[in-house]
Amino acid sequence: MTRTDRVFQLVGSCNNYPWGKQGAESLAVRLHKKSDKQFEIKNDEFYSELWFGDYPDFPARVLETGELLQDVLQKHKETLLGKKVIEELGGQLPFLPKILSIAKALPLQIHPNKELAAKLHAKDPENFTDPNHKPEIAVALSKFEVFAGWKPLEEVQALFQRLDVLQQFVPTGMKSWSELTLREVTRSLLQADEKTVKSVEEALANASKEQLGTQEYILDLLPRLRDQYGATDPGSLVALLCMNFLVLGAGDAIYIPADGIHAYLSGDIVECMARSNNVLNAGFCPPADRNNINMFADTLTFQPSTRSKDDVILPAQDQGKVKIYKPPMSEFNMLRINLIQGEGEDLDEHQGPGVMIVTHGNGTMLADGKTFRLEEGSIFFLAPGVKVRIDSPGGLEAHMAVVV
């Protein structure tokens, strides 16, 4: 590439968390292999995430030169990042896009808000590597199962009233539930010792459908979670008793705010977040990997609210053959371009940079006066102010995070 290149191809970095899919079953690693021809997929390895932003943990590089994307962006800030990012969004790529391939539940987690993130980073920069918040969206590429946000309060309250074994976690004298009740119930569940967790799970497994009411799906999910993380992980109780369980299809999306509780369960997704890697874990992981439970509980937000699982869903706006996901944050929007055989689409220029990955199919992209070949797994950086035309003779799906 040259100094004047405003569009160029990237290669990402793939990681190996144990919740990932194994070998070539992982979409993340299959897409990575498309751009990194030298990469060897190992059948006994778990491949969890493909990162293709400029964050230093698993950084993207310019495909042609091998340069770190972060270095290139800092050399040519005005051209590649633009005025809005430099003046309003910290002068770095303000978002972090990924592909996730999920075989079992990720840790039950929240991403701390800016104030807490800054404190944690100052105190423990090795584990909290930046001072930023991390609200995020996830767009399903296939069937996607997830625990996210809180069930309606009345549903949680009714379940705890019908099952005597759960009364030990409710604050004394609490008759009418509030968000404060739910915070303290969550704290108590997460602080329960292994013997208590095991006994509660056994009682839950033997509960009748009448006791569970509309939440009888718990009987199907509990054995899965116990098989993955054993019968003593308190994350199972919090997820099953207090959180929304959603099953999404391709193109469906959710939004997780800073401090929003969630645990992805299965599927392939495009994930994008504010530029951060801070996380607090409280379940679905070994005890040594769990953060301070009181800090976790005190930090919890109840937005999405405790009224409806619909509050977790991020609806898309249709614009031609493009779906636009607009999370309530300033760092980025996500575009989903879906072309069938022989179709094409124009993408408007934006104030800030974009990063696009082709998740299925192939085609061509006319951008900045050049024609680029698009293939499954191709990743491209696009500078501000670049108009794009995409055509596909056989069909194509691509996702693009962009600063608008």
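Let's start at Ser35, which touches Leu10, Val11, Leu63 and Gly377 once residues up to four places away in sequence are set aside. Its place is in helix α1, covering residues 27-35. Ser35 has a relative accessibility of 9%, so it counts as buried, the cut-off for that being under 20%. Keep in mind as you click around that this is a predicted model.

From that one residue, let's move on to the nonpolar cores. The largest one has 66 residues, and Phe144, Phe147, Phe160, Ile254 and Tyr264 are the members that touch the most others. Helix α11, residues 235-242, gives the most to this core, with 6 residues. Ile254 is a handy one to centre your view on. Leaving out neighbours within four places in sequence, Ile254 is in contact with Glu136, Ile137, Ala138, Phe144, Val146, Ala148, Leu248, Tyr264, Val312, Ile313 and Leu314. Two of the names from the core's list, Phe144 and Tyr264, turn up there again. A second core, separate from this one, has 61 residues, with Val72, Leu89, Tyr255 and Ile379 among them.

Now for the backbone, where a couple of phi values may catch your eye. Asp259 sits in the loop between β12 (253-256) and β13, and its phi is near 70 degrees, a positive value in a residue other than glycine. Asp259 counts as buried because its relative accessibility is 8%. Phe284 also has a positive phi without being a glycine, this time near 55 degrees. You'll find Phe284 in the loop between β14 (280-283) and α12 (293-299). At 1% relative accessibility, Phe284 is buried too.

What about the empty space? Rolling a probe the size of a water molecule over the atoms shows where it is left. The largest pocket holds about 910 Å³. Its lining is made up of 37 residues, and those nearest the centre are Tyr17, Pro107, Val279, Asn281 and Asp289. The elements giving two or more residues to that lining are β5 (49-51), β7 (95-102), α5 (114-123) and β13 (262-274). Of these, β13 gives the most, with 4 residues. If you're thinking about the chemistry of the wall, the lining splits into 17 nonpolar, 9 polar and 11 charged residues.

The second largest pocket has about 230 Å³ of space. It is lined by 13 residues, and Leu89, Gly90, Gln92, Asn132 and Arg275 lie nearest its centre. Leu89 is a name you've already met, as a member of the second core. By class, this lining has 4 nonpolar, 4 polar and 5 charged residues.

Closed-off space is next. Searching the whole structure turns up 1 cavity of 30 Å³ or more, and about 60 Å³ of space lies in it. Its lining consists of Leu347, Asp348, His350, Gly352, Pro353, Gly354, Leu382, Ala383, Val386, Val388, Met400 and Val402. Those break down into 8 nonpolar, 3 polar and 1 charged residues.

Finally, there's an annotation to set beside all this. In an unreviewed entry, UniProt lists residues 354-396 as "domain: AraC-type arabinose-binding/dimerisation". In the model, that stretch is 0% helix and 65% strand, and its end C-alpha atoms are 18 Å apart. Several residues from the cavity lining fall in that range, including Gly354, Leu382, Ala383, Val386 and Val388.

Technical notes: Residues are numbered from 1 along each chain as its sequence is written. This is a predicted model: local features need pLDDT of at least 70, side-chain atom pairs count only at pLDDT 80 or more; totals for chains, interfaces and linings use all residues. Side-chain values use heavy atoms; hydrogens and water are left out. On a 1 Å grid over the protein atoms alone, a cavity is a set of points where a 1.4 Å probe fits but cannot get out, and a pocket is an open set with protein on both sides within 12 Å along at least five of seven lines; lining residues have an atom within 4 Å of a point. Grid points are joined across faces, edges and corners, and a volume is the space filled by probe spheres set on the points. Ala, Val, Leu, Ile, Met, Phe, Trp, Tyr, Cys and Pro count as nonpolar, Asp, Glu, Lys and Arg as charged, and the others, Gly among them, as polar. A nonpolar core is a set of buried Ala, Val, Leu, Ile, Met, Phe, Trp, Tyr and Cys residues joined through side-chain atoms within 4.5 Å. Buried means under 20% relative accessible area, exposed over 50%, partly exposed in between (1.4 Å probe, protein chains only). Contact means heavy atoms within 4.5 Å. UniProt positions are given in the numbering used here, feature names are shortened, and annotations may be inferred rather than shown by experiment.
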